[in-house]
Amino acid sequence: MSPENLPSVIRHWIGGELVDAADGRTFDVSDPVSNTVYAQAARGTSADVDRAVAAARTAFPGWAGLSNRARTTILYRIADAVEARHDRLAAFETYDTGLPITQARGQARRAAENFRYFADVIAALGEEAFRQGEDQFSYVVRKPVGVAGLITPWNTPFMLESWKLAPALASGCTLILKPAEWTPLSASLWPEIFAEAGVPASVVNIVHGIGEEAGQALVDHPDVPLISFTGSTDTGRHIIRSSAQHLKATSMELGGKSPAVVFADADLEAALDSVMFGVFSLNGERCTAGSRVLVERPLYEEFTSRLAQRAANVRVGPPSDPATEVGALVHPEHYEHVRNYIEIGRKEARLVAGGERPSHLAAGNYLQPAVFADVERDARIFQEEIFGPVVAVAPFDTEDEAIELANATQYGLAAYIWTSDLKRGHRIAHAVESGMIWLNSHNIRDLRTPFGGVKASGVGREGGAHSIDFYTESKIIHVALGDVHTPRFGAAS
Ligand code: NAD
């Protein structure tokens, strides 16, 4: 069933107005349950990006010139406006992405929290001062970088958009957002949210379109000095290469193949719940998914068979059904990508659960969560990001082997460690190559903490002060307080 007020046209938002693409072109938007086209979205090109950048440049001095307190007030109003649309957002997100409704319901609160949090950060923000005795005093001023380009993926699209919009706006940047083309629906709520909150026209501009067209035009635009990107590693590499032309600042939140390392002394029930949720929530389309599970040998058979039982029991169904645990994968192309990995996995390892379309769901991008056991480290399903409800399980015998296996991929986004031996837990946490570790805990975020990955999982950190650092330039101003003793070149008689 389609949600109420479902738009059949999704337009750009440029200069405070909803507009079609300059050349009038559109692209199809479909839902993942019926895979039928329900809307046409404006297909942005460099002409649209040029208009959006021009608008954002005009708005920049006014927005950047507001006091932090004034921006804070507006950010709080944005958060309220997001929360007021809680039900509509959840319905849109579920319909467009295939995310189960129970998981989509949390997205408005998380998005609102991003605005409140970054409002608080800038309200409390001070700038540093340095004193050299009585002689010199230096102080830092932070200036917003300018027009920011924000490029986002299709998994939890609205929340990830807010994760960039909030710190960019808090910092005083104006911006262009390019949402993912498979899931533009929830972004159609932003214009009314920003208008209601009193964000001046042209501060936020949204250009929809295909990555290689609208996204690339944003990356190539000389008046956009900063690109914040969340998406796949290959696209990230490409964007860094393109950004070199104009020496843009880039923040890269990329793919992952995160390990969950389970020792035999772990709290088994807690570890099992966390491993299940970590890889199968959000349909497995989660950058920090614990998609490789490494289990200490004495627990291996039991853990693997219980994981398989639980995976076989997962309720796959319509995303709108509150009983559904795994919904429909976002797009037929992605569905084929994931199913292709299931076929690869069948040749590489032992499939112990799932991997098939559930028999009661004849159409739509549905897949029973798959568990592969005895996966070797050079297997493609161990090495490559699948980004769906598929988990690779492998045994280990020693702590060193656990670390080695955990580090045996190109990625380094997150890791989860389960052990009752806290000394060992910390040792492993230090040795695993990843930006984020959860020790005896599942993926709970604290917005003050750095978010990001190492190796092929990203460059830079967002979250807390890191985001403000990214969206602002620090300028140092040195002031002499006492007499200035400068060598007197050319003063000799
Ligand atoms: P993607 O790289 O295909 O697309 C992401 C965005 O980039 C989209 O808006 C797309 O239109 C745009 N894009 C594509 N080509 C472009 C180009 N040449 N120039 C500019 N923009 C371009 O990724 P996706 O399939 O949408 O998302 C899934 C990926 O995102 C996974 O790899 C996942 O791990 C990653 N991800 C990472 C994080 C994180 O925080 N590290 C969070 C969520 C998702």
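**Two charged residues, Glu93 and Lys455**

In this predicted model, the side chain of Glu93 comes to 2.9 Å from the backbone nitrogen of Phe158. Glu93 itself belongs to helix α3, which spans residues 86-97, and beyond its neighbours within four places in sequence it is in contact with Gly98, Leu99, Ala104, Thr156, Pro157, Phe158 and Ser186. Phe158 thus appears both among these contacts and as the residue whose backbone nitrogen is reached by the Glu93 side chain.

What is the nearest side chain of opposite charge to Glu93, and how far away is it? That side chain is Arg110, at 11 Å, and Glu93, although buried, has no salt bridge. A salt bridge would require a side-chain nitrogen of Lys or Arg within 4 Å of a carboxyl oxygen of Asp or Glu.

The second residue to follow is Lys455, which is placed in the loop between β19 (436-439) and β20 (458-459). Lys455 is partly exposed, because its relative accessible area of 37% falls between the limits of 20% for buried and 50% for exposed. Not counting residues up to four places away in sequence, Lys455 touches Asn407, Thr409, Gln410, Tyr411, Gly412 and Glu433. Two of these residues are also partners of its side chain at the level of polar atoms: the side chain of Lys455 reaches the backbone oxygen of Asn407 at 3.2 Å, and a polar contact of 2.6 Å links it to the side chain of Glu433.

For a sense of position within the fold, Lys455 can be set against Ala111, from which it is separated by 344 residues in sequence and, C-alpha to C-alpha, by 28 Å in space.

Terms used
Residues are numbered from 1 along each chain as its sequence is written. This is a predicted model: local features need pLDDT of at least 70, side-chain atom pairs count only at pLDDT 80 or more; totals for chains, interfaces and linings use all residues. Side-chain values use heavy atoms; hydrogens and water are left out. Helices (H or I, at least four residues) and strands (E, at least two) are DSSP runs, numbered from the N terminus. Buried means under 20% relative accessible area, exposed over 50%, partly exposed in between (1.4 Å probe, protein chains only). Lys and Arg count as positive and Asp and Glu as negative; His and the chain ends are not counted. A polar contact is a pair of N or O atoms within 3.5 Å; within protein, one must be able to donate a hydrogen and the other to accept it, and residues adjacent in sequence count only if both atoms are side-chain atoms. Contact means heavy atoms within 4.5 Å.
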